[in-house]
Each structure stands twice: as C-alpha cells, then as structure tokens.
Amino acid sequence: MTRIGMFFGTETGTTRLIAKKMQKKLGDEVCDKPLNVNRIAPEDMLRYDAVILGTPSYGIGEIPGKGAAGCFEPNWEEFFALMPDQPDFPGKRIAFFGLGAQERYADRFCSSLFALVDKFRVWGAEIVGDWPVDGYTYEHSAAEVDGRFVGLVIDQRTQGMYIDQRIDAWLVQVKPLLLEKLTAEA
Ligand SMILES: Cc1cc2nc3c(=O)[nH]c(=O)nc-3n(C[C@H](O)[C@H](O)[C@H](O)COP(=O)(O)O)c2cc1C
C-alpha cells in the first residue's frame with residue numbers, strides 16, 4: 001500500500017475523535033481515513049505495510065471488548081476473533097496509541113494498550129512509537145515497559161490541553177518510520 005492505514009476500537013467515541021484528529025494532521029495523501037475495528041475484516045488491515053492502531057482501556061488491562069473488559073460495543077476482542085491463527089504481520093510496522101484516565105484508573109492507567117501491542121508483537125509485527133512517561137501521574141500502567149510507554153498515551157479527561165502537542169510530537173517521531181516502510185515496499 002502507498003498509504004498508512006489507521007484503525008481504532010472505541011466504546012464511547014473518544015478514540016475515534018483522536019484517530020480522526022491524527023489522520024487529519026497526516027493528510028489524505030499519507031494516511032487513509034481511520035476505521036473502527038468493529039466494522040472491518042482482518043484483510044482490510046492486513047493489506048497495509050504501515051499501520052497506526054488505537055485503543056481505549058477497559059477492564060483490568062484486558063483487550064477491550066464484550067468479554068472480560070465488559071464493553072457494550074464490539075471492540076478489539078471481537079475483531080481478533082475474526083483473525084486467522086497466524087496472521088501475516090512479519091514485515092509490517094505498527095505504531096500504537098492508547099487512551100486512558102490516569103486519575104480515576106491510576107492503578108491500571110492505559111493498561112489495555114499493552115495487551116494490544118503484545119498481541120501484534122507475538123504475531124511478528126515491528127512495533128515503533130514508544131513514548132516518555134514524563135508528564136503523567138499514575139501508580140501503575142502495564143503499558144509502561146522499561147520506563148517508557150509502548151505507544152502514545154492520551155488522557156482526554158484530565159490532560160485534554162496536551163492532546164495536540166503530544167500528537168504532533170509523536171507524529172514527528174513515527175511518521176518518517178512509517179513512511180520509510182511504504183517507500184521500502186514500493
Ligand atoms: C467502565 C470504564 C472502565 C475504564 N477502565 C479504564 C482503565 O482500566 N484504565 C484507564 O486508563 N482508563 C479506563 N477507563 C477510561 C477510558 O479508557 C477513557 O475514558 C477513554 O478515553 C475512553 O475511550 P473511548 O471513548 O474511545 O471508549 C475506563 C472507563 C470506563 C467508563
């Protein structure tokens with residue numbers, strides 16, 4: 001594919017808003033319009049070589065969905081149920097972003113992000129776009145690995161004023177890495 005793909009799960013629409021904002025910053029020439037994983041088939045994602053994936057956090061660090069995480073809408077869990085056993089992710093480069101609420105869920109801030117990233121890591125994808133933990137206040141997050149978040153972390157509830165600057169700084173980091181993949185595959 002000549003463009004980046006973007007996919008998200010959401011329960012109440014916030015992750016969709018962030019995905020749309022991010023895609024707008026990248027532009028239609030660079031990134032296709034973001035799609036909700038509750039309305040796509042695995043092939044729709046697998047055709048991209050460079051992808052941005054977003055998730056909210058629900059449950060105790062589970063993959064969001066109607067099962068253990070207790071969501072009402074189909075989310076990543078339902079999408080994964082459609083995936084073949086060994087999806088073809090080697091050679092694909094993926095950057096992740098996660099939404100959470102650091103005050104209310106300080107004991108598991110953005111923890112679902114880790115579960116999502118781990119799934120794709122096991123499937124052989126190359127993960128890019130880790131993010132500093134500075135500027136966030138929480139007790140524990142599964143998404144913090146070796147002192148860095150495994151992707152961009154957004155708290156729309158208590159740190160909405162930082163959303164734009166965080167997205168901009170993160171895109172400066174991940175956009176060339178994702179574009180490099182497209183050029184290499186072209
Ligand atoms: C029932 C419920 C459980 C939540 N659990 C967590 C959590 O474990 N960790 C966290 O960081 N945020 C948690 N949140 C906050 C959401 O992840 C956050 O509000 C997110 O922006 C929602 O995104 P969405 O509108 O795309 O669903 C929870 C919110 C609700 C309502």
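How many residues of the shell around the ligand are nonpolar, how many polar and how many charged? Keep that in mind while you look at this predicted model; here are my notes.

1. **The ligand shell.** The residues of the shell split into 7 nonpolar, 9 polar and 3 charged. There are 19 residues around the ligand, and Glu 11, Thr 14, Thr 15, Pro 56 and Gly 100 come nearest. Try finding those five before you move on.

2. **Helix 1, end to end.** Helix 1 covers residues 14–26, which makes 13 residues. From its first C-alpha to its last it reaches 19 Å, close to the 18 Å expected at 1.5 Å a residue.

3. **The buried side of helix 1.** Now look at which of its residues are buried: Thr 15, Ile 18, Ala 19, Met 22 and Leu 26. They take up an arc of only 100° around the axis, so they sit on the same side of helix 1. You've already met Thr 15, as one of the residues that come nearest the ligand.

4. **What follows the helix.** Right after helix 1 comes Gly 27, and its phi is positive, near 95°.

5. **A little sheet.** Next, find the open sheet of 3 strands, in the order 6-8-7, with antiparallel pairing. Strand 6 (131–132) and strand 7 (144–145) are at the edges with a single partner strand each, so each has one side left without a neighbour in the sheet. As background, strands of a sheet pair through backbone hydrogen bonds.

6. **Strands 7 and 8 up close.** Strand 8 is residues 148–149; 2 bridges join it to strand 7, and the two run antiparallel. Look for Val 145 here: it stands opposite Arg 148 in strand 8.

Notes. Residues are numbered from 1 along each chain as its sequence is written. This is a predicted model: local features need pLDDT of at least 70, side-chain atom pairs count only at pLDDT 80 or more; totals for chains, interfaces and linings use all residues. A residue is near a molecule or strand if its C-beta atom, placed from the backbone, lies within 6 Å of it. Ala, Val, Leu, Ile, Met, Phe, Trp, Tyr, Cys and Pro count as nonpolar, Asp, Glu, Lys and Arg as charged, and the others, Gly among them, as polar. Two strands pair if DSSP finds at least two bridges between them. Helices (H or I, at least four residues) and strands (E, at least two) are DSSP runs, numbered from the N terminus. The expected span of a helix is 1.5 Å times one less than its number of residues. A residue is buried if 20 or more other C-beta atoms lie within 10 Å of its own, exposed if 12 or fewer, and partly exposed in between; C-beta atoms are placed from the backbone. The arc is that of the directions from the helix axis to the C-beta atoms.
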